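Subject: Structure handover

Hi there,

Here is the structure I promised to pass on to you. Have a look at it first, and then read on for what turned up.

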Amino acid sequence: MRSLALCLTLLAFPVQADPMGAASRPGAILLMRHATAPGTGDPANMRLGDCATQRHLSDGGRAEARAIGDRFRAAGIAFDRILSSEWCRTTETAELMELGPVTPFPAANSFFSDRSTADRQTAEVLAYLAALPGDKRVLIVTHQVNINALTGITTRSGEIVITRRSGDGLEVLDRLPPD
């Protein structure tokens, strides 16, 4: 039974031989889970703008973010926009990749601790993307719960889901593992 479930999952989200090819397409929307930050959620006293109250990237997570940026540069892939959740670990991930200016994007903020905002934030992300010219390549560094709400996929730290706009949502093209 597990084999059947795995086969169906692979059919639903095929992994190409060259995920960078999908990422290089004009209009590609890449949804990246921040690099490795040990733990789950945030402390009860977490405040935006105060990194001391949040989970942080590990040294390995920082190296992971730099390596992912190196992969994009080596492939010659540039982004028209790089957006990030306002959480420190997402902003640091985006900045360490050194792919261009990073713009705070509150719609990509985590709703792990408050699921009541999930539908609104997901709709805001989709509306923002729908308003962009169709050829713009965008990278959004965000959180697992946000990516799952947009695609139905649960990601590992540093993993990227490559999508494109389709109808009222996003179509999954491929996945790019962090390593």
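Which residue in β5 is the bridge partner of Leu30? That partner is Ile162. Before going further, please keep in mind that this is a predicted model.

Let me start with the sheet, since the pair above belongs to it. The sheet is open and has 6 strands, in the order β3-β2-β4-β1-β5-β6, and its pairing is mixed. At the edges stand β3 and β6 (169-176), and each has a single partner strand, so one side of each is left without a neighbour in the sheet.

If you walk along the sheet from the β3 edge, you come to β3 (residues 103-104) and β2, which run parallel and are joined by 2 bridges. Here Ser84 has Pro104 in β3 as its bridge partner. The connection between these two strands is a β-α-β crossover: the chain goes from β2 through α4 to β3, and the crossover is right-handed.

Next come β2 (residues 81-84) and β4 (residues 138-142), also described as parallel, with 4 bridges between them. Arg81 stands opposite Val138 of β4.

Towards the other edge, the strands β1 and β5 are antiparallel and share 5 bridges; the Leu30 and Ile162 pair is one you can look up there. Then β5 (residues 160-166) is joined to β6 by 7 bridges, again with the strands running antiparallel. Two pairs to click on are Thr163 with Val172 in β6, and Ile160 with Leu176 in β6. The hairpin of β5 and β6 has 2 residues between the strands, and Gly167 in this hairpin takes a positive phi near 55°.

One helix to view together with the sheet is α6. It packs on the sheet and touches β1 (28-33), β4, β5 and β6, while the direction of α6 makes about 140° with that of β1.

That brings me to the helix pairs. Two packed helices are described by the angle between their axes and the distance between the axes.

For α5 (residues 118-131) and α6 (residues 144-151), the axes are 10 Å apart and the packing angle is about 70°. That angle makes α5 roughly perpendicular to α6. The crossing in which α5 passes α6 is right-handed. On the α5 side the contact has Gln121, Thr122, Val125 and Leu126, which meet Asn146, Ala149 and Leu150 of α6. Sorted by type, the residues of this contact are 4 nonpolar, 3 polar and no charged.

How do the axes of α3 and α4 cross, and within what distance do they come? The axes of α3 (residues 59-74) and α4 (residues 88-97) come within 7 Å, crossing at roughly 45°. The two helices are therefore oblique to each other, and α3 passes α4 in a right-handed crossing. From α3, Arg62, Ala65, Arg66, Ile68, Gly69, Phe72 and Arg73 take part, and they meet Glu92, Thr93, Leu96 and Met97 from α4. The residues of this contact divide into 5 nonpolar, 2 polar and 4 charged.

A handy way to put the pieces together is to start from α4: this helix is a partner of α3 in the contact just described, and the chain also runs through α4 on its way from β2 to β3. In a similar way, α6 meets α5 and touches strands of the sheet.

Happy exploring, and do write back if you would like to go through any of this together.

Best wishes

Key:
Residues are numbered from 1 along each chain as its sequence is written. This is a predicted model: local features need pLDDT of at least 70, side-chain atom pairs count only at pLDDT 80 or more; totals for chains, interfaces and linings use all residues. Side-chain values use heavy atoms; hydrogens and water are left out. Axes are lines fitted to C-alpha atoms, for helices over the stretch in contact, and angles run from 0 to 180 degrees between N-to-C directions. Angles under 35 degrees count as roughly parallel, over 145 as roughly antiparallel, 65 to 115 as roughly perpendicular and the rest as oblique. A crossing is left-handed if the near helix is turned anticlockwise from the far one by less than a right angle, and right-handed if clockwise. Contact means heavy atoms within 4.5 Å. Ala, Val, Leu, Ile, Met, Phe, Trp, Tyr, Cys and Pro count as nonpolar, Asp, Glu, Lys and Arg as charged, and the others, Gly among them, as polar. Two strands pair if DSSP finds at least two bridges between them. A crossover is right-handed if, with the strands pointing away from the viewer, the path from the first strand over the helix to the second runs clockwise.
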